[in-house]
Amino acid sequence: MLKIIQHKIILLACGTVISISTFAQQNLKLTYNKPAENWNEALPIGNGRLGAMVFGGVAQEHLQLNEETIWAGEPGNNVPKNTFDSIQKVRRLISDGQFEKAQDLTNITYPRQAPKDLNYGMPYQTMGDLFLDFKGHENFKNYGRTLDIEKAISTVSYEVNGVTFKREIFSSFADNVVVIKLSSSKKGSLNFSVNASTPHKINSIFTEKNQLVINGTSGSVDNKTGKINFKTIAVPVLKGGKLTSTKDKLEITTADEVVIYVSIATNFKKYNDLSGNPDARVSEYLNKALNKKYNDELKAHIEKYQKYFKRVSLDLGITEQAKKTTDIRIKEFGNSQDPDLVALYFQFGRYLLISSSQQGTQPANLQGIWNYQLNPAWDSKYTVNINTEMNYWPAENTNLSEMHEPLFDMIQDLSVTGKESAKEMYKARGWNMHHNTDLWRITGVVDGGFYGMWPMGGAWLTQHVWNHYLYTGDKEFLKKNYEALKGCALFYLDVLQQDPSKKYLVVSPSMSPENKYFKNVSITAGTTMDNQLVFDVFNNFINASKILNQDKNLSDKVKSALSKLPPMQIGQHAQLQEWLTDMDRTDDKHRHISHLYGLFPSGQISPLRNAELAEAAKNSMIYRGDKSTGWSMGWKVNWWARLLDGNRAFKLISDQLTPAPLETKGQSGGTYPNLLDAHPPFQIDGNFGCTSGIAEMLLQSYDGYIYLLPALPDALPNGSVKGLKARGGFEIDMDWKNSKLTKLVIKSSLGGNARIRVAKGLNLKSKTNFTSAKGSNSNEYYEVDVIKTPLKSAKAELKDFAVPETEMFDFKTEKGGVYSFEAK
């Protein structure tokens with residue numbers, strides 16, 4: 001039976017990769033046949049630090065520019081003083097069942113608008129805009145505009161009076177510059193001017209030594225004065241022709257080729273340090289880039305980008321739709337067969353994460369790094385009751401571990417600033433934060449009591465630390481981040497309160513994010529999401545302390561508290577309860593379904609381990625409905641994938657891949673012509689959520705095994721994927737045909753047991769010895785934290801949750817080993 005020779009299968013796998021790669025070069029592009037008319041049609045480029053939206057106008061090219069540390073305000077936390085007594089009173093009111101009074105007191109203590117001596121976080125702000133004006137280019141033909149996400153470069157081409165003009169624009173991963181190359185088919189044809197604008201109140205724009213300079217200072221908001229100083233310089237390098245300048249404009253005449261280098265620097269060094277020198281920095285960035293030839297800069301940029309991007313390829317098949325422009329493909333997706341758009345959308349999410357989150361940069365915010373306003377929606381900051389976490393869901397499973405690092409850096413910062421909120425507001429050890437933070441690493445309540453009294457931000461963020469460890473097995477990383485995990489556990493150990501029945505320990509006061517259960521009351525104790533989060537925080541700490549052999553006594557105390565957390569509950573409508581008491585409404589369509597955190601991204605609910613909870617979670621989702629904000633639909637793709645319903649997950653992708661409405665506000669979701677996600681307005685999290693969801697449809701590794709094609713939809717019967725990651729350092733390549741796995745290659749970077757779950761009846765053959773799986777998985781990265789038996793309402797009528805027939809097998813792997821299988 002085990003006759004297949006290993007190297008032959010690898011060869012086959014390599015053959016597949018080559019075909020995908022060729023395929024990818026043709027199709028990993030967003031294409032358009034007209035310039036962008038507005039920001040939601042412009043194309044995003046970025047290198048983690050510098051972002052630009054490229055409009056591709058003919059008579060006027062427009063680049064809207066961002067630098068990731070241009071935020072309003074100055075260092076300082078936003079922790080309110082003398083509120084502990086109020087929190088104690090709110091706890092008593094909740095315990096006595098006086099919920100409206102508890103909410104009223106919370107709202108008075110933390111008003112909706114920031115008090116004059118406080119702030120609710122600072123906005124991320126645009127730098128401004130760069131314009132290239134081409135006189136006489138109003139009448140053009142053969143226009144094309146692309147974003148090549150395989151090379152991270154945007155191009156524009158068109159023809160005027162028989163001359164073809166081309167632009168190549170990229171934000172260099174090799175150097176801290178945005179590069180714009182302009183060329184034409186006829187020598188001496190480039191005639192244009194370069195000017196800039198910025199909306200910042202404090203600014204100066206001028207030319208100096210034939211360079212365009214924009215200086216500015218960020219905005220002042222609430223009790224903070226704008227103290228980010230920035231400097232932007234644009235430097236044209238000409239081949240032929242002449243460069244002159246006026247007071248605030250550069251003029252280029254009769255050039256053969258022009259390369260413009262743009263760099264931005266600020267005085268920001270760290271959340272509590274603004275001692276950087278923007279003048280010296282921007283000069284250093286530009287000098288480094290100017291010392292390279294353009295082709296060398298471009299080559300270095302592509303090489304660094306592709307180091308990450310090329311790790312994963314996805315081929316879902318191609319149809320005639322792929323020949324159409326991207327905006328038309330989005331418009332027609334619901335009524336056409338266009339599997340390649342799903343693959344493009346998946347890879348676009350990876351492109352955005354690489355472009356907005358690099359080692360040593362700030363984490364991707366609510367809009368990644370792309371924002372044209374001084375006061376964007378929700379300040380474009382870090383909303384940590386779902387949105388920031390969703391940004392990083394694809395980091396591990398789509399093989400972009402390094403992109404996760406800025407988030408860990410921020411968690412390190414917050415574990416310091418969060419000690420203030422823990423001590424001042426709760427008289428607790430450790431650290432905590434609420435539902436928002438910003439460049440300054442604030443940890444206090446934001447947006448008042450109704451939305452902001454949720455002391456769980458650190459609990460959710462630290463899951464990313466533990467998840468990174470499970471994927472990479474990096475013990476040095478775990479050591480470095482251990483104190484953040486420990487401090488988070490300490491906080492909950494100190495703040496947990498007895499619930500009114502005296503049976504459980506719960507977080508009080510808190511809420512189920514942004515939802516209410518009665519009139520305008522959100523405040524409560526022991527919400528299901530909080531219980532699930534604390535369960536994970538405690539287990540992560542217990543496991544980490546065991547691995548690193550530290551804090552045995554504290555670990556025992558945490559175990560004791562863990563045993564007193566409430567179990568999950570199935571309510572009267574056969575739903576997963578959102579609150580400690582059975583108050584869910586079947587007509588509640590709220591965008592947050594926070595109590596399903598336990599299904600995803602956590603792994604506490606598994607269809608194969610606890611079918612009743614899976615059925616209850618499914619009922620909760622059906623009650624809520626599909627259509628919602630972009631990020632909410634992105635989350636739902638992941639939930640349906642975890643429930644092993646690929647067709648429903650695909651329906652959500654289809655719902656998201658519909659044109660976004662023109663309105664700038666609302667909750668209807670959808671996708672803009674540039675493939676960016678709409679809340680509306682634009683929020684980047686939905687892109688990342690869908691990329692993660694597509695990966696979850698193809699591969700899951702949270703439940704003690706690697707599950708291959710767990711939620712493959714009927715719409716994607718044939719395809720191949722290369723480079724997805726599973727826990728324990730496994731990398732997976734798969735081919736499938738007629739909805740069945742045909743080839744599998746597993747690379748092991750850590751060694752250990754590989755436990756694979758596949759559809760039943762798959763006749764796998766390999767040179768590798770494998771056996772039927774028995775007992776629990778011996779691989780340490782696949783331990784499953786055991787949950788309590790759920791409580792069930794006597795009124796709940798549960799149907800049997802149907803799960804597909806599967807089988808599991810084990811095989812031993814060596815560090816660096818490659819293992820191949822073929823299904824006959």
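How many of the eight residues of strand β10 are buried? Strand β10 covers residues 190-197, and six of its eight residues are buried, where buried means under 20% relative accessible area with a 1.4 Å probe and protein chains only. Strands here are DSSP runs of E, at least two residues long, numbered from the N terminus.

The model is predicted, so local features need pLDDT of at least 70 and side-chain atom pairs count only at pLDDT 80 or more, while totals for chains, interfaces and linings use all residues. Residues are numbered from 1 along each chain as its sequence is written, and side-chain values use heavy atoms, with hydrogens and water left out.

Strand β10 has pairing partners in β5 and β15; two strands pair if DSSP finds at least two bridges between them. With strand β5, residues 128-133, the pairing is antiparallel and runs over five bridges. Within this pair, F131 stands opposite N195 of β10.

Strand β15, residues 250-255, also pairs with β10 in the antiparallel sense, over four bridges. Here S193 has E251 as its bridge partner in β15, and F192 has I252. In a regular strand the side chains alternate between the two faces of the sheet.

From β15 the path leads on to strand β14, residues 242-245, which pairs with β15 in the antiparallel sense over four bridges. S245 stands opposite L250 of β15. Strands β14 and β15 form a hairpin, with four residues between them.

Technical notes: Buried means under 20% relative accessible area, exposed over 50%, partly exposed in between (1.4 Å probe, protein chains only).
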